Amino acid sequence: DRVVCRCLRVTEAVVIEAIVTLGLRTVKEVRQATEAGDGCTCCHKEIHTYLAVYSASSSPASMC
């Protein structure tokens, strides 16, 4: 599986599953749930992208 957070070896699947199942809406919530982004913070931009696509607050139009 693709690694999103290299510092803590958190995968894309873990991040997406946490966003969808826990209803996460912020990078801080993703960090608390998965630890992704707790290292150097380089993956925060990518986490924002996952939130925009998979967060329950996202509208279907923004998922296209």
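Okay, let's start with a term: a residue counts as buried when its relative accessible area is under 20%, as exposed when that value is over 50%, and as partly exposed in between. Keep that in your head, and keep in mind too that what we're looking at is a predicted model.

So let's try the term out on Glu46. Its relative accessible area is 24%, so Glu46 is partly exposed. And what does the side chain of Glu46 meet in a salt bridge? The partner is Arg2, with 2.5 Å from N to O. Now look at where those two sit. Glu46 is in helix H3, while Arg2 belongs to the segment before strand E1, which covers 3-5. That's 44 residues apart, so this pair links distant parts of the chain. Arg2 comes out as partly exposed as well, at 42% relative accessibility.

Stay with Arg2 for a second, since Glu12 comes in here. Glu12 is in helix H1, and its C-alpha atom is 5.5 Å from that of Arg2, although the two are ten residues apart along the chain. If you skip residues up to four places away in sequence, Glu12 touches Asp1, Arg2, Val4 and Tyr50. At 23% relative accessibility, Glu12 is another partly exposed residue.

How many salt bridges does the structure hold? Two. You've met one, between Glu46 and Arg2. The other joins Arg31 to Asp38, and there the closest N and O atoms are 2.7 Å apart. Arg31 is partly exposed at 31%, and so is Asp38, at 40%.

Arg31 takes us to the helices. In general, you describe two packed helices by the angle between their axes and the distance between those axes. Here, helix H2, residues 27-34, packs against helix H3, residues 44-54, at an angle of about 100°, and the axes are 10 Å apart. That angle makes H2 roughly perpendicular to H3. Who makes the contact? From H2 you get Val27, Val30 and Arg31, and from H3 you get His44, Ile47, His48 and Leu51. Sort the residues of that contact by class and you have four nonpolar, two polar and one charged.

Now let's look at H2 by itself. Which residues of H2 are buried? They are Val27, Val30 and Thr34. Looking down the axis of H2, you'd find these buried residues within an arc of 60°, so they line one face of the helix. Here's the background to that: an α-helix has 3.6 residues a turn, so residues three or four places apart point the same way. Turn H2 around, and the face away from the buried side carries Lys28 and Gln32, which are exposed. Back on the buried side, the cover includes strand E2 (10-11), helix H1 (12-22) and H3. And right after H2 comes Glu35, with a positive phi near 75°.

One last stop, back in helix H1, where we find Ala18. Is Ala18 buried or exposed? With a relative accessible area of 9%, Ala18 is buried. Leaving out residues up to four places away in sequence, Ala18 touches Gly23, Leu24 and Thr34. Thr34 should ring a bell, as one of the buried residues of H2. Ala18 and Ala33 are also worth finding on your screen: they're 15 residues apart in sequence, and their C-alpha atoms are 6.9 Å apart in space.

That's me done, thanks!

Note on methods: Residues are numbered from 1 along each chain as its sequence is written. This is a predicted model: local features need pLDDT of at least 70, side-chain atom pairs count only at pLDDT 80 or more; totals for chains, interfaces and linings use all residues. Side-chain values use heavy atoms; hydrogens and water are left out. Axes are lines fitted to C-alpha atoms, for helices over the stretch in contact, and angles run from 0 to 180 degrees between N-to-C directions. Helices (H or I, at least four residues) and strands (E, at least two) are DSSP runs, numbered from the N terminus. Angles under 35 degrees count as roughly parallel, over 145 as roughly antiparallel, 65 to 115 as roughly perpendicular and the rest as oblique. Contact means heavy atoms within 4.5 Å. Ala, Val, Leu, Ile, Met, Phe, Trp, Tyr, Cys and Pro count as nonpolar, Asp, Glu, Lys and Arg as charged, and the others, Gly among them, as polar. A salt bridge is a side-chain nitrogen of Lys or Arg within 4 Å of a carboxyl oxygen of Asp or Glu. Buried means under 20% relative accessible area, exposed over 50%, partly exposed in between (1.4 Å probe, protein chains only). The arc is that of the directions from the helix axis to the C-beta atoms.
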